[in-house]
Amino acid sequence: MSSFRYAEESISMYKSITSKSSKLYRRAVEANPGGVHSGFRWMHPYPFYVRKGSGPYIWDVDGNKYIDFIMGYGALIAGHSPKEIVEAIKNQVEEGTLYTMPFELQIELVEELVKRYPMLKGFRFSNTGTEAIMHAIKIAKIYTNKNKIIKIEGSYHGGYDPVKVSEFVRPDQWGDEDRPNPVVSPGVPDFYREDVLVVQYNDIDSLEKIISKYGDDIAAMILEPVMMNNVGFIEPLDNYLRKVEKLLKRNGILMILDEVKTGFRLGYGGATEYYGLNPDIVVLAKALGGGVPISAVGFTSEISQVIYPNGRYVFSGTYNGNPLVVAASYANLTRILTKEGHRRLFKLGEYFGSAVEDIIEDLNLGILISYIGPVGAIHFMGFKPRNFRDVMRNYNFRGYRESWIRLFFRKVLLRGPIDGEPYFISLAHDTDILDESIEKIHDSFRELRREGYI
Ligand SMILES: Cc1ncc(COP(=O)(O)O)c(C=O)c1O
């Protein structure tokens, strides 16, 4: 994204409706790189600054009101500030925000998670996806007493060193199709080139080869069941996940499912339930808290034996499972994300997805949409991608990016300003709001086709 420039007219238009954001940006960059606190929030020529969010909407400081499909990159599964979560936080804040000792609601929240992931018998809370991924990988290494992990090329799992290998890879760095180069990100020690084995998503043959060569040294494979970072939305094809699971089990390699985005999103039991999987370790974050910072690592009872006081791994953190986020998450799971809540969310997602399919057909565009219930992406290419390289090789990035800003002008944030994010539908997006968005997508795509962008 950083080197991309929108069409000149689009930039002028952007500037004309975001003058207060521009002022804030100039002030922010005096003492904050890029005026943002997460690299993915920066955009050219400057980010818009938010004033507030409510339900399906977000307002910027210039008073523009947008229909939001970024939804905290999936965290806001019931929209901005749903009343159940607000109420839970308000009640809790009067009774203490940090105990640093255990309390009963933590037990109840864990029991809710066990209901959704019955194969897992232990959970620990942490604060972010990054942290939980770190714990998951360390636990897997200690449990197996092995050092290598397998990861998917182009997959994003947050900021922990080993998963920063081959996170986003330029074509000149790729290497072979069946043996991608391990490429370390800036700041990541070089030895991870040895410790991290990289494969392409949906490629079971090269996974098999890597396992037959290094199997004895591999602790775990970490993967997002559906790729939802860098590439929009890539689904597992030909029973890929079940085949991976079988292969890993046969070779004593743990399966770490990164359900940071798929958890709660693909249904009551996340991707694990949706695809009928039996992972050893699951990482949850985002939609678990519905907008507050909480994550969880779930593991089998055997694996829980390595965690202190059962075992050697000291899984700790001042804010882990703090009362505020536990109260919010408990309200989220028990009052919002009930089985009925999930059914409703799925229906909304299917309503939206099929309407976008109709638009693509109506305008005869050579692009497509991939989605499962309330999450998906419009792919600016002619076939469903199987992996990161398919996207990099075939995307019409010009059309993809310009479509973002044209929708922005129509006050629809279909995805974040960075490349490769899905859209997220929340329980706050009712059919009227979806209809309004669908109409605007139709208008934007018609305009982009007329101008030769798509
Ligand atoms: C699949 C996946 N794993 C891990 C992370 C890291 O989570 P966090 O940003 O909470 O550290 C993300 C964040 O987008 C993610 O999408």
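On one side of helix H2, Lys23, Arg26 and Arg27 are exposed. The model here is a predicted one, and in it the other side of H2 tells a different story. Within this helix, which runs over residues 19–28, the buried positions are Ser21, Ser22, Tyr25 and Ala28. These four sit on the same side of H2, because the arc they cover around the axis is only 125°. So H2 has one side with its buried residues, while Lys23, Arg26 and Arg27 are out on the other.

Next comes the ligand. Its surroundings are made up of Thr128, Gly129, Thr130, Tyr156, His157, Gly158, Glu224, Asn229, Asp258, Val260, Lys261 and Lys286. Sorted by class, that shell holds 6 polar, 4 charged and 2 nonpolar residues. A few of these neighbours can be picked out by their distances. Gly129 uses its backbone, with an N or O atom 2.8 Å from an oxygen atom of the ligand. Asn229 instead brings in its side chain, where a polar atom lies 3.0 Å from a ligand oxygen. Asp258 also takes part through its side chain, with an N or O atom there placed 2.6 Å from a nitrogen atom of the ligand. As for cover, the ligand on its own has 390 Å² of accessible area, and the protein covers 84% of that.

Helix H5, spanning residues 129–144, is where His135 is found. His135 counts as buried because its relative accessibility is 3%, and the cut-off for buried is under 20%. Leaving aside residues up to four places away in sequence, the contacts of His135 are Ser126, Val297, Tyr313, Phe315 and Ser316.

Past H5, in the loop that leads to strand E5 (148–152), sits Lys146. With 24% relative accessibility, Lys146 counts as partly exposed, since the partly exposed range lies between 20% and 50%. What does Lys146 touch, not counting residues up to four places away in sequence? The list has Lys141, Gly215, Asp216, Asp217, Ile218, Ala219 and Gly252. One of these, Asp217, is 71 residues from Lys146 in sequence, yet the two C-alpha atoms are 5.3 Å apart in space. Put side by side, His135 lies in H5 itself and is buried, whereas Lys146 lies in the loop between H5 and E5 and is partly exposed.

How values were computed
Residues numbered from 1 in each chain as written. Predicted model: local features only at pLDDT ≥ 70, side-chain atom pairs only at ≥ 80, totals over all residues. Heavy atoms only, no water. Helix = DSSP H or I, 4+ residues; strand = E, 2+ residues; numbered from the N terminus. Buried < 20%, exposed > 50% of the residue type's maximum accessible area, 1.4 Å probe, protein only. Contact = heavy atoms within 4.5 Å. Near = heavy atom within 4 Å. Polar contact = N/O pair within 3.5 Å; in protein donor to acceptor, adjacent residues only side chain to side chain. Areas by Shrake-Rupley, 256 points an atom, 1.4 Å probe, with all protein chains shown as cover. Nonpolar A, V, L, I, M, F, W, Y, C, P; charged D, E, K, R; others polar. Arc of directions from axis to C-beta.
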